Amino acid sequence: MLRRSLLALSIVPSAALADVPTVVTDIAPIHGLVSQIMGELGEPTILVPAGSSPHNYSLRPSQARALSKSDLVVWVGPALTPGIETKLETLAADARHIELLGQPELHTHEFRDEAVFGGGHDHHEDEHEGEAHDDHDEDHEEAHHDEEHHDDEAHEDHAEDAHDDHDDHKDEHAEHDDHGHAGGVDPHVWLDPENAQATLKLVAQALTELNPENAATYQANLDAALTDLEAAQIDVFALLEPVKGQPLAVYHDAYQYFEEAFGLNVVGAISNSDDLAPGPRRLAELKERFAENTPVCILAEPAADSRLVDVVAEAASDGLREVEIDPLGAHLDEGSTFYPALLRDMATRVAACVKG
């Protein structure tokens, strides 16, 4: 009898694990957030590996097979990974999909087509100055009330039109060399920790509904993930406080979510597109403006064209420091520690560059 009882107990964990949904994600930051919720119950699959561009990535056969077996797919949306959209429709038709750009819980921005920005976001500055993050949810609801009202009306159109917009942007760029995006939603939503918080909650809810037997574990993992996220935000605010207000330039306009969240002052971008080089008019405008109002640092990415950075840097009368920064965190370890590490890494690099 005792042997039979022990055998039954040994079967229970395996059965529980077998019921855990198979989850597929698109990029490392989303994979990291999902990993926090799944914890030791399972490991999500990532479609776009480190160092690859999500904008033109093609799936390998093994990844296509993973999609065909998935129960849940969590991805940013076709504005970031246009090549994956049709694969999801065919290979993962029966899976549950969380397209983050289509979720009203997340707030979005439109791409900035201009080369030079007004600079400076103070959305969260007063909210966090001198106090902990305990009132985060309440402050977020107030701060974004008007924007969320706009997003509720716009999200559906963005989700339906994003893939077509991607192609339209390329066509328009051929005619207007300084307007790569020509509007459209900026898909880098994960760089705002409030959007990350919303993503964690959406994933926990979906996994709980798909796998109610492990609901308590998902809730515990969500609580731990939110605590880790809050701690990371506090650290980032501390790192960036000494450099607030300092003018920054970016190679690629991918950081306005991070700018808004932490009050950075980005005054211009060499390119507003991942795939398209800036035209001569855009570069001339940047050189003229930067000669008058010189950024102290330019945030360049691993794939940045150093020749373009040099062209803009030459216009800076006092020189222009440069730091490599990656919104996808290709140099970080994937998994449950990824997202807090990404926030801290970006803040550390920005602060070091500004301070010289």
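1. E114, E285, E288 and E292 form a patch of negative charge on the surface. The model under review is a predicted one, and the patch should be read as a feature of that model.

2. One member of this patch, E292, lies in helix α11, which spans residues 280-292. The relative accessible area of E292 is 60%. Exposed means over 50%, so E292 counts as exposed.

3. The model has an open sheet of four strands, ordered β2-β1-β3-β4, and the pairing is parallel. Its edge strands are β2 (45-46) and β4 (96-99), each of which pairs on one side only.

4. At the β2 end of that order, strand β1 (residues 23-25) runs parallel to β2, and two bridges join them. For the register of this pair, T25 can be used as a marker: T25 stands opposite I46 in β2.

5. A further parallel pairing involves strand β7 (residues 247-252) and β8, with five bridges between them. Here A249 is the residue opposite G268 of β8.

6. How many of the residues of strand β8 (residues 265-271) are buried? Seven of its seven residues are, and the strand is described as mostly covered. Buried here means under 20% relative accessible area, so G268, which belongs to β8, is among the buried residues of that strand. In a regular strand, side chains alternate between the two faces of the sheet. With seven of seven residues buried in β8, the burial takes in residues at alternating positions along the strand.

Definitions and conventions. Residues are numbered from 1 along each chain as its sequence is written. This is a predicted model: local features need pLDDT of at least 70, side-chain atom pairs count only at pLDDT 80 or more; totals for chains, interfaces and linings use all residues. Side-chain values use heavy atoms; hydrogens and water are left out. Patches are made of residues with over 30% relative accessible area and no salt bridge: like charges are joined within 9 Å, nonpolar side chains (Val, Leu, Ile, Met, Phe, Trp, Tyr) within 5 Å. Accessible areas come from the Shrake-Rupley method with a 1.4 Å probe; for residues, only the protein chains shown count as cover. A salt bridge is a side-chain nitrogen of Lys or Arg within 4 Å of a carboxyl oxygen of Asp or Glu. Lys and Arg count as positive and Asp and Glu as negative; His and the chain ends are not counted. The place of a charge is taken as NZ of Lys, CZ of Arg, CG of Asp or CD of Glu. Buried means under 20% relative accessible area, exposed over 50%, partly exposed in between (1.4 Å probe, protein chains only). Two strands pair if DSSP finds at least two bridges between them.
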